Amino acid sequence: MEKLYDLIIIGAGPAGLTAGLYAGRSRLDTLLIEKGQDGGQIAITSEIENYPGGLSGPDNIESGAELIARMTAQVAHFGVERLSANVTEVELEGKVKRVHTRHGVYQSKAVIIATGAHPRLIGCPGEAEFTGRGVSYCATCDGSFFEDFEVFVVGGGDTAVEEAMYLTKFARKVTIIHRRDELRAVESIRERAFANDKIEFMWNSVVVGLHGDGILSGMTVKDTKTGEERLVEADPDDGMFGVFVFIGFLPNSELFLDKVDTEWDYILTDESMRTSLPGVYAAGDVRKTPLRQVVTACADGAIAAMQVEHDLASGVIG
Ligand code: NAP
């Protein structure tokens with residue numbers, strides 16, 4: 001007979017890793033499945049200054065990768081089994097849940113969905129063509145390619161402004177392109193950006209086209225007030241520039257949409273992270289939540305795992 005785990009956690013971002021930590025400590029027989037690298041979006045976040053107790057590193061600000069490496073090690077310490085695989089299908093009705101991957105089908109009494117979210121795209125012509133050729137969604141991954149070049153950051157929220165500041169370490173100049181004339185980012189982040197003389201702003205503007213010959217060297221920007229469009233071209237000496245896109249996130253919930261209740265594709269849970277299906281829980285950015293931060297994702301993961309433990313022990317599931 002195939003093995004029956006107590007719990008399968010899908011996704012090893014902060015929510016999934018914390019769920020793994022709590023499940024492992026509770027001696028639940030747990031399998032944690034991740035298709036890429038641990039950490040999800042946080043693994044590609046250059047600086048985290050708001051995770052409680054997390055200030056360390058040379059600038060007294062922690063990188064996402066460092067924080068995640070410690071979480072991963074902690075999960076391993078508590079004996080959680082790991083699988084590197086893409087989940088292709090889930091069967092969540094009934095007492096035994098079945099999670100399909102290319103490596104096989106894995107069975108469990110409970111499932112925690114911690115699949116996170118992905119960056120929203122601009123959606124303009126040229127975006128797909130120039131992704132990896134000037135267009136990026138990860139400053140930590142790609143910032144160093146733009147040493148002494150000009151870089152544009154699209155977005156006006158906390159992420160856009162923080163990543164713009166990070167990019168000033170490499171780029172000659174960073175211009176934030178925002179669709180309004182006021183940033184959404186919180187005051188403390190805004191203040192640091194306004195004080196950074198490498199950062200400029202292009203207000204009331206959206207990118208409507210990205211151009212180049214193999215590499216990004218031009219973009220069409222539209223004025224959101226007047227509707228006027230203008231071409232921004234790379235300095236001829238450079239021949240290229242970077243466009244980093246940080247305009248929010250969308251939930252990674254496609255596999256679950258017709259299975260559990262959702263709102264705007266975010267999975268609905270109760271305060272114990274239970275979804276509309278018995279034995280199925282959701283934690284972190286994939287669920288409908290008022291705040292999407294590392295600290296809230298971790299809290300969700302802890303609550304979900306402890307609820308699984310409680311529901312198994314009391315016979316509600318299993
Ligand atoms: P966000 O707060 O949703 O901001 C998205 C930004 O992109 C907004 O400025 C928005 O403009 C703009 N935008 C959205 N759709 C657009 C489009 N189609 N074209 C052009 N611009 C578009 O997203 P986020 O910055 O990724 O932050 C997500 C969450 O993480 C937030 O809760 C944030 O506070 C948190 N966060 C916190 C920190 C920190 O505290 N250190 C760091 C990063 C993220 P409008 O302003 O006009 O809507």
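# Chatting through contacts and domains

Visitor: Let's jump in with a charged pair. What do the side chains of Lys288 and Glu263 meet in?
Guide: They meet in a salt bridge, at 3.3 Å from N to O. Keep in mind that this is a predicted model.

Visitor: Where do Lys288 and Glu263 lie along the chain?
Guide: The pair links distant parts of the chain, 25 residues apart. Lys288 is in the loop between β19 (280-282) and α7 (294-313), while Glu263 is in strand β17 (residues 262-263).

Visitor: And how accessible is each one?
Guide: Lys288 is partly exposed at 43% relative accessibility. Glu263 is partly exposed too, with a relative accessible area of 34%.

Visitor: How many salt bridges does the count come to?
Guide: The count comes to 16 salt bridges. One network among the salt bridges joins Lys3, Asp29 and Glu81 through shared partners.

Visitor: Got one within a helix?
Guide: Sure, Glu187 with Arg190, where the closest N and O atoms are 3.6 Å apart. Both sit in helix α6 (residues 187-194), and because they are 3 residues apart there, about one helical turn separates them.

Visitor: Is Glu187 buried or partly exposed?
Guide: Glu187 is partly exposed, since its relative accessibility is 42%, and buried would need a value under 20%.

Visitor: What about Asp311, which residue does it form a salt bridge with?
Guide: Asp311 pairs with Arg274, and their closest N and O atoms are 3.7 Å apart. Asp311 lies in helix α7 and Arg274 in the loop between β18 and β19, so the salt bridge ties together parts that are 37 residues apart in sequence.

Visitor: Are those two buried or exposed, or something in between?
Guide: Asp311 is buried, with a relative accessible area of 2%. Arg274 counts as partly exposed at 33%.

Visitor: Leaving aside neighbours within four places in sequence, which residues is Asp311 in contact with?
Guide: Asp311 is in contact with Arg274, Tyr281, Val316 and Ile317.

Visitor: Switching to rings. How many aromatic pairs does a search of the whole structure find?
Guide: The search finds 5 aromatic pairs. One of them is Phe152 with Phe241, an edge-to-face pair at 5.0 Å centre to centre with 65° between the planes.

Visitor: Where do Phe152 and Phe241 sit in the chain?
Guide: Phe152 is in strand β9 (residues 150-154), and Phe241 is in the loop between β14 (229-233) and β15 (242-245). They are 89 residues apart, so this pair also links distant parts of the chain, and the angle of 65° is over the 60 degrees that edge-to-face needs.

Visitor: Are Phe152 and Phe241 buried or exposed?
Guide: Both Phe152 and Phe241 are buried.

Visitor: Any tilted pair to show me?
Guide: Phe194 and Phe201 form a tilted one, 5.1 Å centre to centre with 50° between the planes. Phe194 is partly exposed with a relative accessible area of 47%, and Phe201 is partly exposed at 22%.

Visitor: Which residues do ring pairs link into a cluster?
Guide: The cluster consists of Phe194, Phe201 and Trp203.

Visitor: What sits over the ring of Tyr266?
Guide: That's the charged end of Arg292, 4.0 Å from the ring centre.

Visitor: What's going on at Ile267?
Guide: Ile267 lies in strand β18 (residues 266-267) and is buried, with a relative accessible area of 0%. Leaving aside neighbours within four places in sequence, its contacts include Ile113, Ser253, Phe256, Val260 and Lys288.

Visitor: How far is Ile267 from Asn252?
Guide: Ile267 and Asn252 are 9.7 Å apart in space, C-alpha to C-alpha, and 15 residues apart in sequence.

Visitor: Zooming out, which domains is the protein divided into?
Guide: There's domain 1 (4-119 + 249-314) and domain 2 (127-245). Taken over C-alpha atoms, their centres are 32 Å apart.

Visitor: How many residues of each domain are in contact with the other?
Guide: 8 residues of domain 1 are in contact with 11 residues of domain 2.

Visitor: What area do domain 1 and domain 2 bury between them?
Guide: About 760 Å², with 46% of it on carbon and sulfur atoms.

Visitor: And how many salt bridges between domain 1 and domain 2?
Guide: The count there is 0.

Methods. Residues are numbered from 1 along each chain as its sequence is written. This is a predicted model: local features need pLDDT of at least 70, side-chain atom pairs count only at pLDDT 80 or more; totals for chains, interfaces and linings use all residues. Side-chain values use heavy atoms; hydrogens and water are left out. Rings of Phe, Tyr and Trp (its six-membered ring) pair if their centres lie within 6.5 Å; planes under 30 degrees apart count as stacked, over 60 as edge-to-face and the rest as tilted. Helices (H or I, at least four residues) and strands (E, at least two) are DSSP runs, numbered from the N terminus. Buried means under 20% relative accessible area, exposed over 50%, partly exposed in between (1.4 Å probe, protein chains only). A charge sits over a ring if NZ of Lys or CZ of Arg is within 6 Å of the ring centre and within 35 degrees of the ring normal. Domain bounds come from an automatic or database domain assignment. Contact means heavy atoms within 4.5 Å. Buried area is the accessible area (1.4 Å probe) that two parts lose on being put together, summed over both. A salt bridge is a side-chain nitrogen of Lys or Arg within 4 Å of a carboxyl oxygen of Asp or Glu.
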